[in-house]
Amino acid sequence: MKSNYHFKFEDLKVYQKAMEFGELVHHQTKKFPKEERFELTSQFKRASDSIALNIAEGSAGTDKQFYNYLGNAYHSMHECVSCSSKAFLRNYIQPEENEENRKNLTELAKMISTLRKKIAQRL
């Protein structure tokens, strides 16, 4: 999505990856059963969106604040691992989808950890 208005955090590869993952989860959860709408579907979507939202929100603050928000993003990412596993165990997603989720989450974990280490060196 191109815009005439740009925010610096949008250049962060970790933010871009988190945005992509949130959209992937959004599409996956569309096929979850209706009875999961306010349960696993909602939890998985909120946790996946929270990764990018915490990166964006934290980037506007001090290094210490950004470090803490990245920690929140990291926790949400771990929550997504559990949500994906639950979805797989309940046969809502295929094994390949679960593996794709786990691959994306592993990449996000590395990116978030690396960024946190860089920020920690400045603190």
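Against which helices do the buried residues of α1 pack? They pack against α2 (40-59), α3 (63-89) and α4 (95-122), where buried means under 20% relative accessible area, exposed over 50% and partly exposed in between (1.4 Å probe, protein chains only).

The model is predicted, so local features need pLDDT of at least 70 and side-chain atom pairs count only at pLDDT 80 or more, while totals for chains, interfaces and linings use all residues. Residues are numbered from 1 along each chain as its sequence is written, and side-chain values use heavy atoms, with hydrogens and water left out.

**Overall fold**

The protein chain has four helices and zero strands; helices (H or I, at least four residues) and strands (E, at least two) are DSSP runs, numbered from the N terminus. The order of elements from the N terminus is α-α-α-α. For 123 residues, a compact globule would have a radius of gyration near 14 Å, and the 15 Å of the protein chain agrees with this. That radius is taken over C-alpha atoms, and the globule rule is 2.2 Å times the number of residues to the power 0.38. Along the principal axes, the C-alpha atoms fill a box of roughly 45 × 35 × 25 Å. Of the 123 residues, 37% count as buried. Contact means heavy atoms within 4.5 Å; among contacts between residues at least 6 apart in sequence, 70% join residues at least 24 apart.

**Helices α1 and α2**

The expected span of a helix is 1.5 Å times one less than its number of residues. The table sets this beside the distance between the end C-alpha atoms.

| Helix | Residues in helix | Expected span | End-to-end C-alpha distance |
|---|---|---|---|
| α1 | 17 residues | 24 Å | 24 Å |
| α2 | 20 residues | 28 Å | 29 Å |

The distance agrees with the expected span for α1 and for α2.

In α1, the buried residues are Val14, Tyr15, Lys17, Ala18, Phe21, Gly22, Val25, Gln28 and Thr29. They cover an arc of only 160° around the axis, which puts them on the same side of α1; the arc is that of the directions from the helix axis to the C-beta atoms. An α-helix has 3.6 residues a turn, so residues three or four places apart point the same way. The face of α1 turned away from the buried side carries the exposed residues Lys13 and Glu20.

Helix α2 bends by about 30° at Ser50, the bend being the angle between axes fitted to the seven residues ending there and the seven starting there. Its buried residues include Leu40, Phe44, Ala47, Ser50, Ile51 and Asn54. The cover over the buried residues of α2 includes α1, α3 and α4.

**Two buried asparagines**

Asn54 lies in α2 and counts as buried at 11% relative accessibility. Leaving aside neighbours within four places in sequence, Asn54 is in contact with Tyr69, Asn72, Ala73 and Ser76.

Asn101 lies in α4 and is buried at 0% relative accessibility. Not counting residues up to four places away in sequence, Asn101 touches Phe21, Leu24, Gln28, Phe44, Ser84 and Ile93. The C-alpha atoms of Asn101 and Ala47 are separated by 13 Å, with the two residues 54 residues apart along the chain.

**Cysteines**

With a disulfide taken as a pair of cysteine sulfur atoms within 2.5 Å, the count is zero disulfides. The cysteine sulfur closest to that of Cys80 is in Cys83, at 5.9 Å, which is too far for a bond. Cys80 is buried, with a relative accessible area of 0%, and Cys83 is buried, with 5%.
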